[in-house]
Amino acid sequence: MLQTLKRSITAAAQRLGLDEQTVDALIQVDKTHQFDIRLDSGQVFKAYRVQHSNRRGPYKGGIRFHPKVSLDEVQALATIMSLKTAAVGLPLGGAKGGVAVNPKELSAADLEELSRKYVQGLHKHIGPTKDIPAPDVNTNAAIMDIMVDEYQKLEGDRRQASFTGKSLNKGGSQGREAATGRGGVIALKKFLDLSGMSKQPVTIAIQGFGNVGSYFALTAQDLSPTWKIVAVSDSQATISSKTGLPITKLLAHKQAGKAFKDFKELAPDTSESIFRQQVDILVLAALDDALNKDNMTDVKAKIVLELANGPIAEEANDYLLKKGVQIIPDIIANSGGVIVSYLEWQQNLLSENWSESQVNQELDMIMNQAVEAMYHYSRQHKCSFKEAALSLAIKRLV
Ligand code: NAD
């Protein structure tokens, strides 16, 4: 991921005519923090925080708890955060953190100790005007609440603006949970509008029905009732219906802890069949590299919306572009989460609590502007939307 990212940044920067020194500075990270976390039980875990760039504002980015966390991965994700905040025009930089741990193997007490010790190792380098972490894979509002509490104990800061993605009664924001899926709907709506397709009925298939995929589907029903969601998948099955799926019922099925393979009334097919669906739009909301050289020729959709991070491998990206498929890139399409994190941080700094409709209005405005800028740049410079988003981000960072 880090190598692919460095190649994309270098290529985009060279197209912009930037010299080698500027390109190197873009790839370079500002600071890397690495330390061991030793639990009272004796277990030791590697912990990281990479601060890529604060040229546009305080560092911003999630904390991941996962056994595969490595310095290279954290560095790549930190760089992506700088590009994402710049691509959507937020006054924030980019960072990422992680601990190489399987949190499912820890007791609740160990998980709390790990979270507190992560903050103890970093508190001098983070904070409301320095670096504002948030949840990522396997971390959540409860963990952010613990981390804010530890930060307050160590630094005496009562503003709650040191972390975002907190629970509502601890300074979290309305609308945060749905933000990435909702942002995806806003981005797609604007894109169809700019492409002159907003009046046409469209059919949609969604890979992944977790937080992002399910909120995308629910919000789409609300904001775009003419869109027809005809297929959704999880890691084991795809379910489809030409007349449109019962989204609320499917969500209740998932929330009851059941998999799509057990939704027998709609004859589940394999998970991979999601790519073969005859639809206008394919939404990728599951994993990185979901579309790759093995399945890229299956895609029938004319538009792909990247809601997961890096869901299309380089080779598949090139193949789809040659085929004329339009790809709405992750750094714009899935930025709803960081946009609402930014709004949460603002509310904390101002000691305010905004209503859900106010948060959604702000999200709408920021996302619409970002898609519009990307779209026009791409038309003006005759490049893909991914190249356009990256170029805009790099220009702003430089
Ligand atoms: P999640 O864990 O809630 O959901 C992931 C879903 O993907 C699950 O339903 C899982 O069953 C499904 N899945 C896993 N493997 C699959 C496969 N092979 N085929 C089909 N489905 C599969 O995660 P999430 O928060 O919804 O995140 C999804 C993606 O979006 C991730 O790449 C994440 O990094 C990215 N993302 C999330 C946010 C956010 O705010 N949650 C923000 C930006 C980007």
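Me: In this predicted model, helices are DSSP runs of at least four residues, numbered from the N terminus. Which helix gives the most to the lining of the largest cavity?

Reply: The lining of the largest cavity consists of L2, L5, K6, I9, I27, Q75 and T79. Two elements give two or more residues to this lining, namely helix 1 (2–15) and helix 3 (71–87). With four residues, the element that gives the most is helix 1.

Me: What is the volume of the largest cavity?

Reply: The search covered the whole structure and kept cavities of 30 Å³ or more. One cavity was found. The volume of the largest cavity is about 40 Å³.

Me: How many residues of each class, nonpolar, polar and charged, are in the lining of the largest cavity?

Reply: The lining includes residues such as L2, K6 and Q75. Leu and Ile count as nonpolar, and Lys counts as charged. By class, the lining has four nonpolar, two polar and one charged residues.

Me: Why is the chain described as being as compact as a globular protein of that length?

Reply: The secondary structure of the chain comes to 13 helices and twelve strands. For 398 residues the globule rule gives 21 Å, so the chain is as compact as a globular protein of that length, its radius of gyration being close to that value, at 21 Å.

Me: What percentage of the residues of the chain count as buried?

Reply: A residue counts as buried when its relative accessible area is under 20%. Among the 398 residues of the chain, the share that meets this description is 56%.

Definitions and conventions. Residues numbered from 1 in each chain as written. Predicted model: local features only at pLDDT ≥ 70, side-chain atom pairs only at ≥ 80, totals over all residues. Heavy atoms only, no water. 1 Å grid on protein atoms, 1.4 Å probe; cavity = no way out; pocket = protein on both sides within 12 Å on 5 of 7 lines; lining within 4 Å. Points joined across faces, edges and corners; volume = space filled by probe spheres on them. Rg over C-alpha atoms; globule rule 2.2 N^0.38 Å. Buried < 20%, exposed > 50% of the residue type's maximum accessible area, 1.4 Å probe, protein only.
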